[in-house]
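Me: Could you take a close look at the side-chain contacts in this one, mainly the ring pairs and the charged pairs? I'd like the cut-offs spelled out as you go.

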Amino acid sequence: MDLIERKRFGVEYQPIIACKNNEIFAYEALARFYSADDKPLRPDLVYASLHSSPLSLFQVEYQQKKLQLSYAVNGSDIFVNLDQDSYFSSGIINGNNPFLKLFKEFQKAEVVVELIENSEINDAIMSLAMIDNLAKNNIRTAIDDVCNPQSMISTSVIQLVKYIKLDKYVLKNRANQNFMLLVESIINYAHSAGKQVILEGVETADDLALAKTLNIDFVQGFYYQEQFKVVN
């Protein structure tokens, strides 16, 4: 409650880089939280605790999104993560959903909503409902954490999104030939279906070289973060 009342949170913008020309394509807005003594708190743990209170989850997520969009770089598309539970916690599903209205009012550039890939079938069903609502209002979507060993790929969800974000697990398992066959199949599918692929967790020149070999469209990670640092 203290974190919510004192709004001890912020945002960091991580650049998403085009492989073909090494230029910034967009930014991802990353949530940041801080303890009372100004020490960073893991966002996943904060959000996990908030799930026990739908109202608190909505309050924090909504304030985060307002902050992320307020300080977004002019003229650059912005990727924002949105938990399905957060989206539906307001109790409003149609065009009056607070998050949807926030995205539609954003004028600086395009908003791309990232859905977190997970292992729960109910979340996949909620993702489909959320994507459908966003699509009807011309909001583009992306699926995050694809190929993470703890995630589940919903074929229905992956067909509807514009961007497929490959988890950093891909880089850690580049020597696994069978696994990489699957990765290459996902990339080929994405391009055949008119989608684009983003590889997360790029930290070295070798990581970037692999992304280019795989014909990946965009990359993001600490390799570029220090070069194109935007922090608010």
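Reply: Here is a walk through the rings first, then the charges, then a helix and two single residues.

A quick note on the ground rules: this is a predicted model, where local features need pLDDT of at least 70, side-chain atom pairs count only at pLDDT 80 or more, and totals for chains, interfaces and linings use all residues. Numbering starts from 1 along each chain as its sequence is written, and side-chain values use heavy atoms, with hydrogens and water left out.

Rings, then. A pair of aromatic rings is described by the distance of the centres and the angle of the planes. Here, rings of Phe, Tyr and Trp (its six-membered ring) pair if their centres lie within 6.5 Å, and planes under 30 degrees apart count as stacked, over 60 as edge-to-face and the rest as tilted. By this rule the count comes to 12 aromatic pairs. One of them is F9 with F33, an edge-to-face pair at 6.1 Å centre to centre with 75° between the planes. F9 sits in strand 1 (residues 9-18) and F33 in strand 2 (residues 24-34), so to speak a link between distant parts of the chain, 24 residues apart. For the element names, helices (H or I, at least four residues) and strands (E, at least two) are DSSP runs, numbered from the N terminus. Both F9 and F33 are buried, where buried means under 20% relative accessible area, exposed over 50%, and partly exposed in between (1.4 Å probe, protein chains only).

Another pair is F25 with Y163, this one tilted: 6.1 Å centre to centre, 55° between the planes. That pair also links distant parts of the chain, with F25 in strand 2, Y163 in strand 7 (residues 163-166), and their positions 138 residues apart in sequence. F25 counts as partly exposed because its relative accessibility is 23%, while Y163, at 1%, counts as buried. Ring pairs join F25 and Y163 with F79 and F218 into a cluster.

On to the charges. A salt bridge here is a side-chain nitrogen of Lys or Arg within 4 Å of a carboxyl oxygen of Asp or Glu, and the structure holds 12 of them. Take K165 and E114, whose closest N and O atoms are 2.7 Å apart. K165 lies in strand 7 and E114 in strand 5 (residues 111-116), so this bridge ties together parts that are 51 residues apart in sequence. Both K165 and E114 are buried, and the two belong to a network of salt bridges that also takes in E28 and E200.

D2 and R8 make a salt bridge as well, with 2.6 Å between the closest N and O atoms. D2 counts as partly exposed at 33% relative accessibility, and R8 counts as buried at 17%. Then there's D132 with K136, a salt bridge at 3.1 Å, N to O. Both of these lie in helix 6 (residues 121-136), four residues apart, about one turn of the helix. K136 is exposed, its relative accessible area being 63%, whereas D132 counts as partly exposed at 38%.

D83 goes without such a partner. You'll find D83 in the loop between strand 4 (77-81) and helix 4 (84-88). D83 is buried yet has no salt bridge, and the nearest side chain of opposite charge, K65, is 9.9 Å away (Lys and Arg count as positive and Asp and Glu as negative; His and the chain ends are not counted). A polar atom of the D83 side chain does lie 2.6 Å from the backbone nitrogen of D85. Leaving aside neighbours within four places in sequence, D83 is in contact with H51 and E61, contact meaning heavy atoms within 4.5 Å.

Last stop, helix 10 (residues 205-213), whose buried residues are D207, L208, L210 and A211. Seen down the helix axis, these buried residues fall within an arc of 160°, so they line one face of helix 10; the arc is that of the directions from the helix axis to the C-beta atoms. D206 and T213 are exposed on the other side of helix 10. Just after helix 10, N215 takes a positive phi of about 65°.

N215 also turns up in the surroundings of H191, which touches V197, N215 and D217, not counting residues up to four places away in sequence. H191 itself is in helix 9 (residues 177-192) and counts as partly exposed at 27% relative accessibility.

Conventions:
A polar contact is a pair of N or O atoms within 3.5 Å; within protein, one must be able to donate a hydrogen and the other to accept it, and residues adjacent in sequence count only if both atoms are side-chain atoms.
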